[in-house]
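Hello,

Here is the structure I promised to pass on. Have a look, then read my notes below.

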Amino acid sequence: MTATKSAKSIISRALFKRVSIAPLIIFRIIFGALLLYGSVRFVSKGWVKSLYIDPEFYFGYLGFEWVHTLPGNWMYLPFILMILSALLIILGLGYRVAAFTFFISFTYVELLDKSNYLNHYYFVSLMSFLLIFLPANRDFSLDVLLKPGIKQKTTAAWTIGILKFQLAVVYIFAGLAKINYDWLIRAEPLKTWLHAHHARPFVGDILRNEVTAYIFSWFGCFYDLFIVFFLMMRKTRMLAYLAVIIFHITTWLLFPIGVFPWVMIFSTLIFFSEGFHQKILFRLKKVFGSKEKKRPKVIKHKKQFLPKGLKTGLITTYVLIQLLVPLRYVLYSGNLYWNEEGFRFSWRVMLMHKEGHAVFYMKDRKTGRTSEINNANYLTRTQEDQMATQPDMILQYARFLANEFDGKTLHYGDHKFKIENPAIHAEIYVSLNGRPSKLFVDKRHDLTQKKYNLYHRDWIEPYHDK
């Protein structure tokens, strides 16, 4: 009992000791700027229309199929809210409401269609969720200007530590995931992706060389596994951050992964010392004419809304969720990259190149007549490409097709008949990391009879690497 109390005491002191608030303030400004840029970029690229207005069908997440798009141009509303709330986060004006608004708006959009899933979208949702609970507006903010009494020079250590933890989770799990046969022994999918750049001037010959793919693969694994530890040590921090810059700019130049490299480059500044952030904050205040009083008024911290014990429990719960969710794949049998059971939300960054060819058939149960379905009539190119290799999306699409054809009247020459409760079959072939295509879904299965849940999908053909 004494040892338990001692451990709890140590954890409590570590979580709630007072540290400089400067790193949190700088993170708020930088991350808010990245959120603003990403939101404006998404709208300017025309992706709101192409991804959330034009499609006829959306692949919702299990348990969130009730989340639907807004009608027509109303889909621009959540993006307008993202832009405005990101700007308010930067300024620190109505900060907590702004952070909550951004999180809700951004996560709502991401829940609409999982064919648009990217690891960095998930990362942004998590970080914007955390911002809601962090006192990142307690200095150098318009909230402080309007209400000086909330100003703080220090904050509880957990408010900065939780951000470091989240970044560490991304990197370390990404590194652990790279310890696999394809990545280290076959240098795939990097070998395939780098070869696609063989026509680039000056570097084309280097990129198509297999040795380059192996160097990139092994370095990428080492980088993800250990970069956080090097950033945490003062002696190696500057060299490690240089590696962060080089690594992410290289990936940005070679692969179409949007703003993610910049998010990681600037977010990892949170690992720098308090003094580093205090200097930046001092210079910002000087630029914007924010003067510090020589003898600042001592403000007593108000009694916390939640007791430390409850806060510790909530923090621990969040940490455990982040550690356990990426490991849920161990509950499933078969090849993870083939079945993709437990693949999402596990920080498996750029580990897989899959190409699929899916042909769907509608079969009338009464007459036995079968019709081949043109997927392009219902799905965008991105949706079709993603669906063809992901079992849960295959099932969702099959159910959509069954509902689409149920009750319809089809014409065969001079005859017409009404379809009732049609069966949906599919024949799908998939290539994984440069291997020849293999049968993924056999045509014998009526997909409307398969349950959409979290259990192992035994209707996916087993993976054999031969």
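The largest pocket first: its volume is about 1600 Å³. It is lined by 49 residues, and the closest to its centre are Tyr117, Leu118, Pro256, Ile257 and Gln386. Keep in mind that this is a predicted model.

Which elements give two or more residues to that lining? They are these:

- α2 (22-44) and α3 (47-52)
- α4 (76-91) and α5 (95-112)
- α6 (119-133)
- α14 (260-267) and α18 (381-387)

The largest share belongs to α2, which supplies six residues of the lining.

Now the chain as a whole. It has 466 residues, and 48% of them count as buried. Its secondary structure comprises 19 helices and eight strands. Along the principal axes, the C-alpha atoms fill a box of roughly 95 × 60 × 50 Å.

On contacts: take those with a separation of 6 or more. Residues 24 or more positions apart make up 71% of them.

On the surface: about 24900 Å² is exposed by the chain. Carbon and sulfur atoms supply 64% of that area.

On charge: the chain carries 59 positive and 32 negative charges. How far apart are the mean positions of the two sets? The distance is 20 Å.

If you start anywhere, start with the pocket. Put Tyr117, Leu118, Pro256, Ile257 and Gln386 on screen, as these are the lining residues closest to its centre. Then add α2, the element with the largest share of the lining.

Best wishes

Conventions:
Residues numbered from 1 in each chain as written. Predicted model: local features only at pLDDT ≥ 70, side-chain atom pairs only at ≥ 80, totals over all residues. Heavy atoms only, no water. Helix = DSSP H or I, 4+ residues; strand = E, 2+ residues; numbered from the N terminus. Buried < 20%, exposed > 50% of the residue type's maximum accessible area, 1.4 Å probe, protein only. Contact = heavy atoms within 4.5 Å. Areas by Shrake-Rupley, 256 points an atom, 1.4 Å probe, with all protein chains shown as cover. Lys, Arg positive; Asp, Glu negative; His and termini not counted. Charge placed at Lys NZ, Arg CZ, Asp CG, Glu CD. 1 Å grid on protein atoms, 1.4 Å probe; cavity = no way out; pocket = protein on both sides within 12 Å on 5 of 7 lines; lining within 4 Å. Points joined across faces, edges and corners; volume = space filled by probe spheres on them.
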